[in-house]
Amino acid sequence: MTYVGTLPDASFSRALGEWALRRSGVTPLGLGLPEPVRVTRARARTGQRLWFFTNWSFDRHVITAPPVTGRDLFDGSPVGTGHGLELPPWGVTVVVEE
């Protein structure tokens, strides 16, 4: 357990969080993604792994090397090596892992 007895600014908070993750051996799913892009995972009832990419900004973001290979749940387009992922402003894409 680590206790921080201060109100850290954004820079210190990020550094502290990164230190805690490294120390615990946890690799964040969104490592290397643009700041407003979040990624989470879940399993469908069928057992397929689903990846949710959410863009929390007014800007379009292109992820050239997504951390998953699969198909876009909505339009069936490929995602993965050689197939980037485009997130419109405030957009969400769900990828079915292959």
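Thr-93 is in contact with Trp-51, Phe-52, Phe-53, Asp-72, Phe-74, Leu-85, Glu-86 and Leu-87, once its neighbours within four places in sequence are set aside. The model in which these contacts are found is a predicted one. Thr-93 belongs to strand S7. Its relative accessibility is 5%, and because buried means under 20%, Thr-93 counts as buried.

A second residue of the strand gives a further view of the interior. Val-95 is also found in strand S7, which covers residues 92-97. What is the relative accessibility of Val-95, and is the residue buried or exposed? The value is 0%, so Val-95 counts as buried. Leaving aside neighbours within four places in sequence, Val-95 touches Arg-49, Leu-50, Trp-51, Phe-53, Val-68, Gly-70, Arg-71 and Val-79. Trp-51 and Phe-53 thus appear in the list for Val-95, and they appear in the list for Thr-93 as well. A distance helps to place Val-95 within the chain: from C-alpha to C-alpha, Val-95 and Pro-36 are 18 Å apart in space, while 59 residues separate them in sequence.

Val-95 leads on to the nonpolar core. In soluble globular proteins, nonpolar side chains tend to be buried together. Which residues make up the largest nonpolar core of this model? There are eleven in all: Leu-33, Val-37, Val-39, Trp-51, Phe-53, Ile-63, Val-68, Val-79, Leu-85, Leu-87 and Val-95. Strand S1 (37-43), strand S2 (49-55) and strand S6 (85-87) are the elements that give two or more residues to this core. Leu-33, another member of the core, touches Val-39, Phe-53 and Ile-63 when residues up to four places away in sequence are not counted.

From the interior, the reader may now turn to the surface. Trp-56, Phe-58 and Trp-90 form a nonpolar patch there, and together they have about 440 Å² of accessible area. These residues, Trp-56, Phe-58 and Trp-90, also form one aromatic cluster. How exposed is each of them? Phe-58 counts as exposed at 70% relative accessibility, and Trp-56 counts as exposed at 53%. Trp-90 has a relative accessible area of 44% and is therefore partly exposed, since exposed means over 50% and buried under 20%.

The rings within this cluster can be followed pair by pair. The count of aromatic pairs comes to three. One of them joins Trp-56 and Trp-90 edge-to-face, with 6.4 Å from centre to centre and 90 degrees between the planes. Trp-56 lies in the loop between S2 and strand S3 (61-63), whereas Trp-90 lies in the loop between S6 and S7, so this pair ties together parts that are 34 residues apart in sequence. Phe-58 and Trp-90 form another edge-to-face pair, with a centre-to-centre distance of 5.1 Å and 85 degrees between the planes. Phe-58 lies in the loop between S2 and S3 and Trp-90 in the loop between S6 and S7, so here the parts tied together are 32 residues apart in sequence.

Trp-90 has one further feature, which concerns its backbone. Although Trp-90 is not a glycine, it has a positive phi of about 60 degrees. The residue with this angle lies in the loop between S6 and S7, and it takes part in the aromatic cluster with Trp-56 and Phe-58.

Notes
Residues numbered from 1 in each chain as written. Predicted model: local features only at pLDDT ≥ 70, side-chain atom pairs only at ≥ 80, totals over all residues. Heavy atoms only, no water. Core = buried A, V, L, I, M, F, W, Y, C linked by side-chain atoms within 4.5 Å. Buried < 20%, exposed > 50% of the residue type's maximum accessible area, 1.4 Å probe, protein only. Helix = DSSP H or I, 4+ residues; strand = E, 2+ residues; numbered from the N terminus. Contact = heavy atoms within 4.5 Å. Patch = residues over 30% accessible without salt bridge, like charges linked within 9 Å, V, L, I, M, F, W, Y side chains within 5 Å. Areas by Shrake-Rupley, 256 points an atom, 1.4 Å probe, with all protein chains shown as cover. Salt bridge = Lys/Arg side-chain N within 4 Å of Asp/Glu carboxyl O. Phe/Tyr/Trp six-rings, centres within 6.5 Å; stacked < 30°, edge-to-face > 60°.
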